[in-house]
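Colleague: I should like to go through how the labels on this model were assigned. Please set each value against its cut-off.

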Amino acid sequence: MKKIILILMIFFGISTYLFANERDDLAYLDELYSQKKFSLAIEESNRFVSTYPESRNIAKILERLAKTYFLNDDYKNTIRVFKMYLENGKITNVNEVNYYLMRSYASIGDKKESDYYLLLIDRNNDYYARGLYEVGMEYVEREDYVNAQKKLNEVVMMGARYKTDALLGLALMSYNNKQYSNALVYLDQLGTIRSSDKNYIIVNYLYGSIYSRSNNLADAITRFKNVVSRDSTSSYGKRSLTSLIDAYIKTGNDKEVEELLGNVKNTKDKDEISIVLGDSYADKGNYSKAVEYYGKVIDTKNLQAIYGMGYSYYKLGRNQDAQRYFERLNNTSYYSKALFYIFSTDYKLKNYKKILNNRNIPNKVKISKSDSDNIKEIIANAAYELGDFNLAINYYKDIYTKTQSKENLYKIIVATAKNNDVAGLEKAFNEFNKAYPDDTVYKQRNYNAMGSTYYNKNRIDDAINVYKKYLNGNKDKKMLSNLIAMLLNGKKYNELLVYLDMDDDTLDNRYLKGIANIGIADYQKADKIFGDLLKNSGIAAELAIKVKFNQVRNYFLWGKYQEAINIGEEYLTIENAPDKEEIIDKIGVSYFRLDNFAKSREIYEKLLSYEKSAEYAMFQIAEGYYGEKKLQEAREAYKAVYDKYPDGGYSEQAYYWYLNTLANMGDMGAFNNESGLFLEKYPKSQLKDNVLMLSGAVYEYLKNNDKAIEYYENLYNTSKTANIKNNAAERILEILLINEQLDRAKKFVEKLPNDEMKTYYVSMIYARENNSEAAFKEHEKLKNSKKYGDYGYLNIGTYYFVKKNYENARQNYQKALDFENSKYKDLAMYQMAACDEFENKFEDAFRGYSKCYMLYIGNYSQVAKIKAGQMAEKIGKEAEARNIYKELYQLGEEINKKEYKEFVLERMVYYSAKSNLKDDAKKYIGELEKINKELALKCSEYLKN
């Protein structure tokens with residue numbers, strides 16, 4: 001069990017050189033996610049994966065990266081990264097991963113792959129019903145109503161918790177598909193919807209719209225009034241208001257119409273209603289009426305109205321008019337929405353050359369993935385029409401890479417055949433046959449294209465073979481073979497699994513499969529096997545006991561300690577169950593690792609009744625007190641162990657930790673007496689050195705430096721243990737240097753037999769004497785030292801930095817940073833970033849300063865954060881810079897230096913003025929005036945620009 005030696009841990013740290021870069025980069029990445037800096041987190045995650053491909057953290061990185069891509073609607077990268085995650089090794093959340101893959105493929109329109117991953121999800125898992133529902137709604141949005149209905153109906157049939165939402169989705173789908181009677185059926189199945197229900201507005205709107213279309217205006221008016229009374233400002237609220245107006249007009253109720261329109265006070269609201277009415281008619285498919293209402297908008301620059309007019313003309317097939325409106329949206333926030341329609345109308349107008357000339361525009365505009373893919377297909381089709389088959393093929397391939405749809409692969413084959421490219425066609429042809437061996441839609445045309453191309457190239461035999469192959473059919477047989485091997489005897493679990501699969505599927509067989517899966521660390525699979533066994537009504541009592549026993553082991557090894565506790569406590573209630581001692585121990589350790597020390601001790605009290613485990617149980621009880629920092633209780637418990645078992649297996653450890661509690665409690669009299677007895681009883685103890693150091697450490701902690709030096713010198717002179725002598729010498733010199741007793745320090749250094757330690761302290765003495773050249777020579781000697789190497793490299797780096805030799809400086813700072821327990825990490829990271837800055841590598845400098853303030857809290861945190869803000873400005877990440885300065889500003893009085901605060905306030909003024917937030921800028925100027933009037937006056941100039 002892991003312990004904390006309360007006041008002594010600072011004296012025994014040893015720097016480690018293992019995997020420091022990876023650990024620090026991982027910590028930086030975690031910090032980026034925790035601060036919700038997702039664009040930087042994506043960059044850093046990809047860098048981590050490429051830098052540390054064999055890292056044990058790769059799975060965690062890939063999972064989080066894939067989910068971030070998903071949340072950013074980047075489905076291509078979501079798929080790519082989740083597949084890397086699946087290939088990385090055994091995972092515990094396979095249902096969740098398959099859900100994300102299913103959603104991502106659905107979002108790029110690849111139904112086949114989406115359905116494939118949906119079927120991989122356990123039907124009893126919530127992700128299955130959730131996936132069905134969300135994909136169904138994806139199809140609704142794509143107007144693929146056939147597939148939408150299949151998915152949503154399945155959700156309804158399952159009776160899952162998404163049933164209500166699925167019924168509403170089916171109602172929306174039917175409504176959008178103009179199947180109003182079906183929509184009513186689905187809405188009626190929803191039952192009574194209370195006004196507080198989240199779906200109240202949309203349900204009433206749909207009822208009202210359907211009633212209105214069937215000319216049941218009385219019921220329609222009731223439903224629309226329900227919506228307007230609840231919320232008249234939302235999208236559905238405004239639509240309901242305009243529909244209500246429309247219904248009253250149709251019923252000739254001029255008074256109600258006049259009253260409703262009387263609520264519209266100004267031009268802006270009237271424009272909004274006209275737009276909502278236009279949107280409403282557009283939704284209903286009455287695009288002529290929509291054009292009429294959009295045309296009533298007074299503000300001729302209203303982007304929503306311009307877009308609606310263009311969209312309505314597009315639906316009416318008036319492509320010239322549609323394009324005229326869509327192109328008015330250039331350089332506006334609606335341009336990304338209009339871009340697809342601009343390309344689509346150009347294609348319909350056969351402006352193929354214009355499409356090719358503008359093909360790079362989508363790369364410069366942020367558009368949805370679906371629009372991007374659709375525009376690429378338009379470009380490919382335009383290139384095909386113009387006979388530019390190479391360009392068409394390139395675009396079709398890009399689309400196919402994302403969608404993996406046979407339709408796009410077929411287009412590649414057709415275009416490649418037109419290009420008479422035999423090699424390219426063979427590749428596409430074979431890929432199609434391999435991917436879609438049962439296809440009947442394109443098969444004949446594909447074979448014909450392949451045969452024709454062979455014929456055109458005078459490869460007659462090949463053409464004949466292609467046609468024969470088609471006429472003979474396309475039959476493939478696939479053989480499956482499991483090569484997992486492990487045997488229980490000899491721990492060859494993979495081979496065991498092979499033989500178990502060949503054996504009869506008995507309950508004992510399944511139990512052994514569970515054991516084997518524990519052996520190969522597939523804890524999730526083992527858990528599933530054990531769980532299924534216990535649900536089986538035919539399981540024998542003896543086997544059930546063995547299953548429960550191994551469930552505890554499995555959860556414990558899996559790190560699921562609460563589950564281990566739950567099953568373990570059940571096991572203890574079984575009469576005559578074997579090996580209860582082991583179960584009690586695992587429960588006790590589980591509680592300990594969950595930091596529930598009191599409960600851990602309670603469990604070990606039960607183990608005291610087992611003679612062979614009593615001493616161990618007493619020791620673990622003492623450990624629980626120490627872990628909980630209950631020193632008095634720990635002191636008594638440790639003493640009880642070696643008093644009762646003076647020659648036991650845990651007596652020495654108990655005695656040692658007893659001494660620790662005495663030292664930490666400041667009981668020096670008892671400590672001095674007991675430490676002597678310990679050394680007398682255990683003269684060859686591996687803990688002897690620690691005991692000898694404890695007294696000196698306590699005196700030093702109590703700031704009695706003279707007494708500490710006296711004790712350390714005595715220890716140094718009498719100890720025969722090199723490590724103890726070195727530690728004692730180190731403490732003596734640290735105290736002397738802190739107190740600037742350099743002459744005394746020089747004399748003591750000469751006594752040191754350890755060359756590394758001597759070099760380290762000589763270099764420190766030279767540094768305090770400002771003799772940099774002499775200090776540099778000593779630092780060079782320390783580079784290979786595990787203990788002082790970070791110190792040596794740091795100072796060598798600084799030596800080169802001062803001389804503006806940034807490459808050498810950076811290399812040495814990095815080597816200092818690589819030491820796992822180095823206390824110089826913040827300074828080393830800051831200086832590395834400074835090297836990048838002085839070499840104008842501002843992107844790298846930004847990353848370095850960011851890592852410094854996020855990962856290494858210390859003296860350089862605030863200045864590193866300021867520098868990160870400056871670098872962000874240099875590389876054009878002004879939004880990031882502004883956030884950094886805002887975070888610094890929010891520190892208030894915690895800002896370390898006056899000049900830091902002045903700088904932060906100056907930048908806050910600058911960005912507030914730039915965003916035309918004049919009141920904010922004046923507030924910051926007022927704060928700045930209190931500490932630097934001259935700078936505040938200068939900042940006032942920002943408000944004049």
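Modeller: Let us begin with Arg-810, for which the relative accessible area is 12%. The model is a predicted one.

Colleague: What makes Arg-810 buried?

Modeller: Buried means under 20% relative accessible area. Arg-810 has 12%, and is therefore buried.

Colleague: How do you know that Arg-810 forms a salt bridge with Glu-839?

Modeller: The closest N and O atoms of Arg-810 and Glu-839 are 2.5 Å apart. A salt bridge requires a side-chain nitrogen of Lys or Arg within 4 Å of a carboxyl oxygen of Asp or Glu, so the pair qualifies. Arg-810 is in helix α45 (residues 806–817), whereas Glu-839 is in the loop between α46 (825–838) and α47 (842–855); the pair links distant parts of the chain, 29 residues apart. Glu-807, Asp-836 and Lys-841 are linked with these two residues in a network of salt bridges.

Colleague: Why is Glu-839 called partly exposed?

Modeller: Its relative accessible area is 29%. Partly exposed lies between under 20% and over 50%, so Glu-839 belongs there.

Colleague: Which labels do Asp-165 and Lys-198 receive, buried or exposed?

Modeller: Asp-165, at 17% relative accessibility, counts as buried because the value is under 20%. Lys-198, at 65%, counts as exposed because the value is over 50%. The side chains of Asp-165 and Lys-198 meet in a salt bridge, at 3.8 Å from N to O. Asp-165 lies in helix α9 (residues 163–176) and Lys-198 in the loop between α10 (180–189) and α11 (200–213), so the pair ties together parts that are 33 residues apart in sequence.

Colleague: What makes the pair Asp-30 and Lys-60 a salt bridge?

Modeller: The N to O distance is 3.5 Å, and the cut-off is within 4 Å, so the criterion is met. By this rule the count comes to 51 salt bridges. Since Asp-30 lies in helix α1 (residues 20–34) and Lys-60 in helix α3, the pair ties together parts that are 30 residues apart in sequence.

Colleague: Why is Glu-734 listed with no salt bridge?

Modeller: The nearest side chain of opposite charge, Arg-731, is 5.1 Å away. A salt bridge needs a separation within 4 Å, so Glu-734 has none. Glu-734 is nevertheless buried, in helix α40 (residues 722–738). Leaving aside neighbours within four places in sequence, Glu-734 is in contact with Tyr-760 and Tyr-761.

Note on methods:
Residues are numbered from 1 along each chain as its sequence is written. This is a predicted model: local features need pLDDT of at least 70, side-chain atom pairs count only at pLDDT 80 or more; totals for chains, interfaces and linings use all residues. Side-chain values use heavy atoms; hydrogens and water are left out. Helices (H or I, at least four residues) and strands (E, at least two) are DSSP runs, numbered from the N terminus. Buried means under 20% relative accessible area, exposed over 50%, partly exposed in between (1.4 Å probe, protein chains only). Lys and Arg count as positive and Asp and Glu as negative; His and the chain ends are not counted. Contact means heavy atoms within 4.5 Å.
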